[in-house]
Amino acid sequence: MSVAALSSPGTLTDSVWHRRAATIDWQTASEVLRQQGNAVLPQLLNTAECAALAQLYGHAQEGTFRSRVMMQRHGFGQGEYRYFSYPLPDLVAGLRGALYPHLAPIANQWNTAMGIDVRYPAQHADFIARCHAAGQVRPTPLLLQYGPGDYNCLHQDLYGEHVFPLQVAILLSEPGRDFTGGEFVLTEQRPRMQSRAEVVPLSRGDAVVFAVHHRPVQGTRGPYRVQMRHGVSRLRSGQRHTLGIIFHDAE
C-alpha cells in the first residue's frame, strides 16, 4: 500500500474496516479490559498498512496534518507527533468508525458501574456531532515518532468536556528490528494505595485498547474508580512510529 493510497478518497471503504473489526473477539477483549484496563488486538493492521502509515509522517501531502507537536517544548517528554486534519485518511477514518461501535457498549457499561450519567451513541458520527456541537471540532487521531532517547510522559488525552473513555494505539514499527526500548506503559492510581504500572508488549500491527482517564474496578463494597495514565518508555535505539486513535475531538 502506498502513501497516496492512504489519502485517496474511496481507496478503502468503510465496509472493509467494519468487516475487519467484526472478526475481533470482542467478548474476550471486553473481559480483559474489565480486568486490567487494556486489551491487545493482535495484527489489526498488516505490514504494508503499517509501513505506509509510518512513511506518511514525513512524506504527507500538504493539508494531511493540522499541527506538529515537539514534546520537549511542552514538557510532554521527548519526540514528536502530528495531528491529522479533516478529512482523515481513509484508513484512519475507517478504523475510527469501525472500532467505535464495538467499544461504545463497553464504555456505557463502565459509566453505569461508576455511576456516571453520560451514555454514548451507537455510531461514531453521532458522538462526533455531540463533540462538534460543544465546540470540540479539531480531529485528534495522530501519528507519533520517536528516536533514540525519546519518551512520552505519563498522561491522559482529554481535550475537552466530551471524552470517550477508551482509545486505541497501533504500533507501526517492529520491536527489536526497527527499534529497542520504547515500551507502551500504563499506570493505575488506586484510592489509598500505591500506583500499579504495567508494560504492554506489542508487535508491529498490534493495537492496544486502553482507558483514557479512569475505569471501574470491583471492590468489596462495589465498583470504584481508578485513574489511568499512559506513556512510552525511553527508546534505546532506532525509530518507532505509532498511530493513535482518539474517538473524541478537541476544543
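This passage describes the overall build of one protein chain and then looks at a few of its residues in turn.

The structure discussed here is a predicted model. A helpful place to begin is the secondary structure, which in the protein chain comes to seven helices and 15 strands. The chain has 251 residues, and a compact globule of that length would have a radius of gyration near 18 Å; the value for this chain is 17 Å, which agrees with that expectation. Along the principal axes, the C-alpha atoms fill a box of roughly 55 × 40 × 35 Å.

The next points concern the inside and the outside of the chain. Of the 251 residues, 51% count as buried. The accessible surface comes to about 11500 Å², and carbon and sulfur atoms account for 50% of this surface. How far apart in sequence are the residues that contacts bring together? Among contacts between residues at least 6 apart in sequence, 79% join residues at least 24 apart. As for charge, the chain carries 23 positive and 20 negative charges, and the mean positions of these two sets are 6 Å apart.

With this overall picture in place, single residues can be examined. A good starting point is Tyr57, a residue of helix α4. Is Tyr57 buried or exposed? Tyr57 counts as buried because its relative accessibility is 4%, and the cut-off for buried is under 20%. Its side chain forms a polar contact of 2.8 Å with the side chain of Glu80. Glu80 also appears in the list of residues that Tyr57 touches beyond four places in sequence, together with Phe65, Arg68, Tyr81, Arg82, Leu143, Leu144, Gln145 and His241. For one of these partners, Arg82, the spacing can be given in two ways: Tyr57 and Arg82 are 25 residues apart along the chain, while their C-alpha atoms are separated by 7.7 Å.

A second buried residue is Thr140, found in the loop between α7 (124–133) and β5 (142–146). Its relative accessibility is 0%, so Thr140 counts as buried. Which side chain makes a polar contact with the side chain of Thr140? The partner is Arg96, at 3.4 Å. Once neighbours within four places in sequence are left aside, the contacts of Thr140 are Arg96, Tyr83, Tyr159, Ile246, His248, Asp249 and Ala250.

Glu188 offers a third example, this time from a strand, β9 (residues 184–189). With a relative accessible area of 4%, Glu188 is buried. The side chains of Glu188 and Arg215 are joined by a polar contact of 2.6 Å. Apart from neighbours within four places in sequence, the residues in contact with Glu188 are Gln194, Ser195, Arg196, Arg215, Val226, Gln227 and Met228.

Glu31 sits in helix α3 (residues 26–36). Why does Glu31 count as partly exposed? The reason is that Glu31 has 32% relative accessibility, and partly exposed covers the values between the cut-offs of 20% and 50%. A polar contact of 2.9 Å links its side chain to that of Gln35. The distance from Glu31 to Leu88 can also be followed in the model: these two residues are 57 apart along the chain, and their C-alpha atoms are separated by 31 Å.

The last group of findings concerns the backbone. Most residues other than glycine have a negative phi, and most peptide bonds are trans. Against this background, Gln43 is worth a look, as its phi is near 50°, a positive value in a residue other than glycine. Gln43 lies in the loop between β1 (38–41) and α4 (47–59), and its relative accessible area of 48% makes this residue partly exposed. Tyr159, mentioned above as a contact of Thr140, also has a positive phi, near 75°. The loop that holds Tyr159 runs between β6 (151–155) and β7 (166–171). At 24% relative accessibility, Tyr159 counts as partly exposed.

Where in the chain is a cis peptide bond found? Such a bond joins Tyr86 and Pro87, with omega at about -5°. Pro87 belongs to the loop between β4 (80–84) and α6 (90–114).

Definitions and conventions. Residues are numbered from 1 along each chain as its sequence is written. This is a predicted model: local features need pLDDT of at least 70, side-chain atom pairs count only at pLDDT 80 or more; totals for chains, interfaces and linings use all residues. Side-chain values use heavy atoms; hydrogens and water are left out. Helices (H or I, at least four residues) and strands (E, at least two) are DSSP runs, numbered from the N terminus. The radius of gyration is taken over C-alpha atoms; the globule rule is 2.2 Å times the number of residues to the power 0.38. Buried means under 20% relative accessible area, exposed over 50%, partly exposed in between (1.4 Å probe, protein chains only). Contact means heavy atoms within 4.5 Å. Accessible areas come from the Shrake-Rupley method with a 1.4 Å probe; for residues, only the protein chains shown count as cover. Lys and Arg count as positive and Asp and Glu as negative; His and the chain ends are not counted. The place of a charge is taken as NZ of Lys, CZ of Arg, CG of Asp or CD of Glu. A polar contact is a pair of N or O atoms within 3.5 Å; within protein, one must be able to donate a hydrogen and the other to accept it, and residues adjacent in sequence count only if both atoms are side-chain atoms.
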